[in-house]
Amino acid sequence: MTACPRRCRVDALLPKADREMVENWIDRHRRNYAQHRLGLWAMVLKTRGEVIGDCGLVWQEVEGHQELEIGYHVRRDQQMQGYATEAASACQDYAFNVLGCDHRVISLIRPENIPSRRVAEKNGLKVVQETLWRDIPHYIYAVQRSESKLLTTSNLRSREV
């Protein structure tokens, strides 16, 4: 995905992926699905049945601790339409109100990735720390369950994404 010439803005921030990197990424996500039954889910436009990105919950090791991360990637031609914000919001709601996450959820975002930072901020996450994650500077955005202002799952309506 990251080697695609029409890659997402967020993917453009990553080094070009070779076959081994892509295989490792797939293996890591398969293990995550098998162990936690969580991962990145396709974002599909219902009107066209078209995949426009992914969003989901992934357990990540950050500074020696397991953290539940909300991750999202949207195809460049579909960015700036609120899809990432809406999908990430639904993932946060799912983490707190379905999975019963009783601590916090995070998003790991590179400082220069302004669009992803805006998505996190719109969903109530705040920068709590800077870190080197996989040898690349990242902000850790986080929201505690007690600080989340999202609707409960029972109040969510069917969405068009």
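## A buried glutamine in a loop

In this predicted model, Gln78 counts as buried because its relative accessible area is 8%, which falls under the 20% cut-off. Gln78 belongs to the loop that runs between strand E3 (65–74) and helix H3 (83–97). If its neighbours within four places in sequence are left aside, Gln78 is in contact with Leu45, Arg48, Ile52 and Tyr83.

## The largest nonpolar core

The largest nonpolar core has 26 residues, and those that touch the most other members are Met43, Cys55, Leu57, Leu68, Ile70, Tyr72 and Val105. Two or more residues of this core are given by each of strand E1 (40–45), strand E2 (50–62), E3, H3, E4, helix H4 (114–122) and strand E6 (136–144). H3 supplies the largest share, which is seven residues. Apart from this core lies another one, of six residues, among them Val62, Ile106, Ile140 and Ala142.

Two members of the largest core can be followed through their contacts, again leaving aside neighbours within four places in sequence. Leu57 is in contact with Asn32, Leu38, Gly39, Trp41, Leu68, Glu69, Ile70, Cys91, Tyr94, Ala95 and Leu99. Val105, found in strand E4 (residues 104–109), is in contact with Leu68, Ile70, Gln92, Ala95, Phe96, Leu125, Tyr141, Ala142 and Val143. Val105 has a relative accessibility of 0% and therefore counts as buried. One of its contacts is Leu125; the two residues are 20 places apart along the chain, and their C-alpha atoms are separated by 8.5 Å.

## Helix H2 and the residue after it

Helix H2 covers residues 19–36, which makes 18 residues, and from its first C-alpha to its last it reaches 26 Å, close to the 26 Å expected at 1.5 Å a residue. In an α-helix there are 3.6 residues a turn, so residues three or four places apart point the same way. Just after H2 comes Arg37, which takes a positive phi of about 60 degrees.

## Two aromatic pairs

How many aromatic pairs does a search of the whole structure find? The search finds two. One is formed by Trp41 and Tyr94, whose rings are 6.1 Å apart from centre to centre, with 80 degrees between their planes, an edge-to-face arrangement. Because Trp41 lies in strand E1 and Tyr94 in helix H3, this pair ties together parts that are 53 residues apart in sequence. Trp41 has a relative accessibility of 32% and so counts as partly exposed, and Tyr94, also at 32%, counts as partly exposed too.

The other pair is that of Tyr139 and Tyr141, whose ring centres are 6.4 Å apart; their planes stand at 70 degrees, so this pair is edge-to-face as well. Tyr139 and Tyr141 are both buried.

## Cysteines without a disulfide

A disulfide is a covalent bond between the sulfur atoms of two cysteines. A search of the whole structure finds zero disulfides. Why is Cys91 in no disulfide, given the cut-off of 2.5 Å between sulfur atoms? The nearest cysteine sulfur to that of Cys91 belongs to Cys55 and is 3.6 Å away, whereas a disulfide requires the sulfur atoms to be within 2.5 Å, so Cys91 and Cys55 do not form one.

Cys91 is nevertheless buried, because its relative accessible area is 4%. Cys101 is likewise buried, in its case with a relative accessible area of 13%.

Conventions: Residues are numbered from 1 along each chain as its sequence is written. This is a predicted model: local features need pLDDT of at least 70, side-chain atom pairs count only at pLDDT 80 or more; totals for chains, interfaces and linings use all residues. Side-chain values use heavy atoms; hydrogens and water are left out. Helices (H or I, at least four residues) and strands (E, at least two) are DSSP runs, numbered from the N terminus. Buried means under 20% relative accessible area, exposed over 50%, partly exposed in between (1.4 Å probe, protein chains only). Contact means heavy atoms within 4.5 Å. The expected span of a helix is 1.5 Å times one less than its number of residues. A nonpolar core is a set of buried Ala, Val, Leu, Ile, Met, Phe, Trp, Tyr and Cys residues joined through side-chain atoms within 4.5 Å. Rings of Phe, Tyr and Trp (its six-membered ring) pair if their centres lie within 6.5 Å; planes under 30 degrees apart count as stacked, over 60 as edge-to-face and the rest as tilted.
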